[in-house]
Amino acid sequence: MRVFQRLLMATPSSMGSKSSLTEALALLPPLPLYRRILRVHRRKLEPEMRVLGDSYVKSEFRAHKDVENPLHIIGFLTEWQLYAQKLEGDQWAGDKLDKAKVDKMSDQQLGQLYELMQAIKNKDGGENE
């Protein structure tokens with residue numbers, strides 16, 4: 001995410017359009033966003049789910065640390081920022097994934113989503129037994 005600093009210093013003419021600059025500036029930088037997500041987890045999630053959520057967030061941010069494609073960076077930060085906003089506003093309970101987003105996911109992303117679902121089910125199943 002090294003390119004993110006260049007996005008913050010960009011001018012509208014260097015970015016291509018004013019709207020893309022506005023979108024880039026509306027996003028939190030990676031480290032403050034990461035901290036915000038962990039804080040929200042601390043306040044809103046049960047301890048078992050917090051451990052699972054924190055480890056997932058940490059691995060995702062580490063995996064995307066060296067990404068240099070501005071579109072990937074903006075997409076990544078946008079989705080995580082929306083996630084944090086949903087958790088802060090308690091809008092996440094019972095929320096379903098948007099079908100359009102699922103259709104756009106790669107096979108690797110779908111695999112990660114499936115693994116996350118299995119981990120959540122195993123945590124829930126372990127508590128009930």
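**Close-up views of the predicted model**

**Figure 1. The Arg50–Asp54 salt bridge in helix H5****.** With a relative accessibility of 30%, Arg50 counts as partly exposed; the classes are buried (under 20% relative accessible area), exposed (over 50%) and partly exposed (in between), computed with a 1.4 Å probe and protein chains only. The structure is a predicted model in which local features need pLDDT of at least 70 and side-chain atom pairs count only at pLDDT 80 or more, whereas totals for chains, interfaces and linings use all residues. Residues are numbered from 1 along each chain as its sequence is written, and side-chain values use heavy atoms, with hydrogens and water left out. Arg50 pairs with Asp54 in a salt bridge whose closest N and O atoms are 3.4 Å apart; the term denotes a side-chain nitrogen of Lys or Arg within 4 Å of a carboxyl oxygen of Asp or Glu. Asp54 is buried, its relative accessible area being 12%. The two residues lie 4 positions apart in helix H5, which means that about one helical turn separates Arg50 from Asp54. An α-helix has 3.6 residues a turn, so residues three or four places apart point the same way.

**Figure 2. Helix H5, residues 47-63****.** The 17 residues of helix H5 should span 24 Å at 1.5 Å a residue, and the end C-alpha atoms are indeed 24 Å apart; the expected span is 1.5 Å times one less than the number of residues. Buried residues of H5 include Leu52, Gly53 and Asp54, and Val57, Glu60 and Phe61 are buried as well. Helices (H or I, at least four residues) and strands (E, at least two) are DSSP runs numbered from the N terminus. The protein has 8 helices and 0 strands, and buried residues make up 24% of its 129 residues.

**Figure 3. Buried residues of helix H4****.** For the 15 residues of H4, the expected span at 1.5 Å a residue is 21 Å, in agreement with the 21 Å between its end C-alpha atoms. Among the buried residues of H4 are Pro30, Tyr34, Ile37, Leu38 and Val40, together with Arg36 and His41. Leu33 also lies in helix H4 and is buried, at 0% relative accessibility. Leu33 and Ala84 are 51 residues apart in sequence, yet their C-alpha atoms are 8.3 Å apart in space.

**Figure 4. A positive surface patch****.** Arg35, Arg39, Arg42 and Arg43 form this patch. Patches consist of residues with over 30% relative accessible area and no salt bridge, like charges being joined within 9 Å and nonpolar side chains (Val, Leu, Ile, Met, Phe, Trp, Tyr) within 5 Å. Arg43 belongs to helix H4, residues 30-44, and is exposed, with a relative accessible area of 55%.

**Figure 5. Salt bridges involving helix H7****.** The side chains of Glu79 and Lys101 meet in a salt bridge with an N to O distance of 3.0 Å. This pair links distant parts of the chain, 22 residues apart: Glu79 is in helix H6 (residues 70-88) and Lys101 in helix H7 (residues 99-104). Glu79 is partly exposed, at 38% relative accessibility, and Lys101 is likewise partly exposed, with a relative accessible area of 38%. Asp103 forms a salt bridge with Lys99, the closest N and O atoms lying 3.4 Å apart. Asp103 and Lys99 are 4 residues apart in helix H7, and therefore separated by about one helical turn. Asp103 is exposed at 53% relative accessibility, as is Lys99 at 59%. A search of the whole structure finds 4 salt bridges.

Conventions: Areas by Shrake-Rupley, 256 points an atom, 1.4 Å probe, with all protein chains shown as cover. Lys, Arg positive; Asp, Glu negative; His and termini not counted. Charge placed at Lys NZ, Arg CZ, Asp CG, Glu CD.
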